[in-house]
Amino acid sequence: MNNPMKTLFATGLGAAAMYYLDPARGRYRRALVRDQLVHGGHKAKHGVSVVGRDTRNRTMGLGARLRSLLDRGQPEDTVLVERVRACLGRVVSHPHSIKVEANDGVVTLSGLILEQEVPLLIDCALGVPGVRDLKNQLDARAEAGDVPGLQGTPRQRPGTRPAFLQSNWSPTARAAAGVGGLYAMVHGFRQRDSVGTLTGAAGMLVLTRAITNLEMRRLFGIGVPRHAVDIQKSIRINAPVQKVFELWDNFENFPLFMTHVRHVRRIKAGEDKERWRWGVTGPTGTELEFDSTVTAREENRLIAWRTVGEAFVHHAGKVHFQDNADGSTTVDIKMVYNPVAGAVGHAIARLFGTDPKHQMDDDLLRVKSFLETGKLPRDAAGQGMEVPPALKEIAREHGAGGNGAGQQGGERERVRPG
């Protein structure tokens with residue numbers, strides 16, 4: 001056990017055994033792992049099919065490009081137009097606003113475009129096989145402003161960079177990198193020397209990049225204040241959208257349903273913006289505080305927020321509320337956050353069930369249970385808190401008297417520990 005790596009491995013193995021063999025929650029946690037393995041098998045099967053199709057299509061495209069290079073004849077104008085359009089779609093953020101015409105190899109470009117994209121488009125179009133000359137009739141604008149054809153958030157275009165220098169790797173590139181990274185990792189760690197260790201570590205890094213398809217800065221949480229990990233969750237609650245929204249709209253209610261939120265209070269923010277101070281339980285059991293502000297709010301439809309100032313974990317998110325025809329409500333949550341060590345830290349936290357996704361699943365089930373039964377959970381963090389009148393009314397509607405929510409009398413009603 002003198003080897004630090006062996007000590008670390010043994011410690012992790014012992015912690016995992018305690019976590020998954022726990023008498024109270026171990027069975028549930030093992031079931032989650034089993035479900036994840038089944039889900040992973042389905043994704044792997046689908047991934048093999050996607051890689052096969054992508055490889056086949058790229059092979060056909062490469063063959064067509066080689067044939068076009070060997071063919072010295074002038075392509076038809078319709079073919080030339082499609083070639084240019086395929087090119088501009090890679091370097092222009094609003095390709096629908098650009099018109100392409102061709103006449104005997106002379107291509108005419110017209111329409112709206114952002115000024116900084118003009119040189120990229122011209123270079124790309126002139127490089128298309130069959131283009132003899134180019135007429136620039138583009139209406140270049142320094143910024144989008146109120147121009148209809150340049151509205152909307154422009155998508156990031158891959159440009160002409162090699163596949164492995166792009167933020168999103170193609171399925172074929174991911175497969176090739178994964179195989180190469182796996183070989184380098186196994187071969188390097190088997191050498192049992194410093195060079196082999198570096199080779200194995202590099203191979204592991206490439207393999208992780210290929211599996212996750214995340215940039216290195218997102219993988220390790222470097223230079224991405226919030227957007228390192230994406231989380232999405234939907235749940236259907238058998239309650240009217242007004243009640244669901246009202247419960248969610250008051251953040252001070254959250255400790256009554258969530259196990260990791262200790263307290264939430266409104267603080268002065270200025271400029272008529274709502275600002276809240278949160279106290280939450282961290283992975284090691286310590287209490288952490290951060291501030292958040294509401295960035296968007298639509299009655300019974302949407303709530304969005306983001307952290308402000310210094311925060312241990314920066315994050316942002318939004319919740320959509322959909323009123324269903326049967327009187328139920330679908331709650332859709334999307335959140336991005338940057339944990340310690342980025343996506344790698346998220347994966348480690350997920351292994352032990354302490355990541356925000358697991359916590360969100362449990363907390364949403366508590367909210368659903370209360371709105372459908374009127375009974376407040378006994379394992380939430382806000383034990384001893386005063387129950388707001390709105391929540392008391394929900395409990396009375398269901399005839400729930402447990403947890404102190406439905407009691408009558410002159411005393412202030414509070415959630416009592418079970």
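**Close-up views of a predicted model**

**View 1. Arg-297 and Glu-299 reach each other through a salt bridge.** The closest N and O atoms of Arg-297 and Glu-299 are 3.1 Å apart. Keep in mind here, and in every view below, that this is a predicted model. There's a third partner to look for: Asp-249 is linked with Arg-297 and Glu-299 in a network of salt bridges. Is Arg-297 buried, partly exposed or exposed? At 39% relative accessibility, Arg-297 counts as partly exposed. Taking the structure as a whole, you'd find 11 salt bridges.

**View 2. Asp-291 and Arg-275 make a salt bridge between two strands.** Their side chains meet with N and O 3.4 Å apart. Asp-291 belongs to strand 7 (residues 287–298) and Arg-275 to strand 6 (residues 275–281), so this pair ties together parts that are 16 residues apart in sequence. The two ends don't sit in equal surroundings: Asp-291 is buried, at 10% relative accessibility, while Arg-275 is partly exposed, at 25%. As a bit of background, side chains of opposite charge can pair when their charged atoms come close.

**View 3. Strand 6, strand 7 and strand 8 line up side by side in pairs.** Start with strand 6 and strand 7, which run antiparallel and are joined by seven bridges. Here Asp-291 turns up again, this time standing in strand 7 opposite Arg-277. Now move on to strand 8 (residues 302–308), which pairs with strand 7 over seven bridges, also in the antiparallel sense. Which residue of strand 8 is the bridge partner of Glu-298? That's Leu-302. Three residues lie between the strands in the hairpin of strand 7 and strand 8, and Asn-300 takes a positive phi there, near 65°.

**View 4. One salt bridge sits within helix 10.** The side chains of Glu-372 and Lys-368 meet here, with 2.7 Å from N to O. Why are these two separated by about one helical turn? It's because they are four residues apart in helix 10 (residues 356–373). Glu-372 is partly exposed, with a relative accessibility of 25%.

**View 5. A disulfide joins Cys-87 to Cys-124.** In the model, the S to S distance is 1.4 Å. Cys-87 is in helix 3 (residues 77–91) and Cys-124 is in helix 4 (residues 118–126), so the pair links distant parts of the chain, 37 residues apart. Are the two cysteines buried or exposed? Cys-87 is buried, at 10% relative accessible area, and Cys-124 is buried too, at 14%. If you go looking for others, a search of the whole structure finds one disulfide.

**View 6. The largest nonpolar core has 37 residues.** Which residues have the most contacts inside this core? They are Trp-278, Phe-321 and Leu-371. Another core lies apart from the largest one and has 20 residues, among them Val-84, Ile-113, Leu-134 and Leu-138.

**View 7. Stepping back, the chain has 11 helices and 10 strands.** Of its 418 residues, 37% are buried. Looking at contacts with a separation of 6 or more, 56% are between residues 24 or more positions apart. The chain exposes about 24900 Å², and carbon and sulfur atoms supply 56% of that area.

Definitions and conventions:
Residues are numbered from 1 along each chain as its sequence is written. This is a predicted model: local features need pLDDT of at least 70, side-chain atom pairs count only at pLDDT 80 or more; totals for chains, interfaces and linings use all residues. Side-chain values use heavy atoms; hydrogens and water are left out. Buried means under 20% relative accessible area, exposed over 50%, partly exposed in between (1.4 Å probe, protein chains only). Contact means heavy atoms within 4.5 Å. Accessible areas come from the Shrake-Rupley method with a 1.4 Å probe; for residues, only the protein chains shown count as cover. A disulfide is a pair of cysteine sulfur atoms within 2.5 Å. A salt bridge is a side-chain nitrogen of Lys or Arg within 4 Å of a carboxyl oxygen of Asp or Glu. A nonpolar core is a set of buried Ala, Val, Leu, Ile, Met, Phe, Trp, Tyr and Cys residues joined through side-chain atoms within 4.5 Å. Two strands pair if DSSP finds at least two bridges between them.
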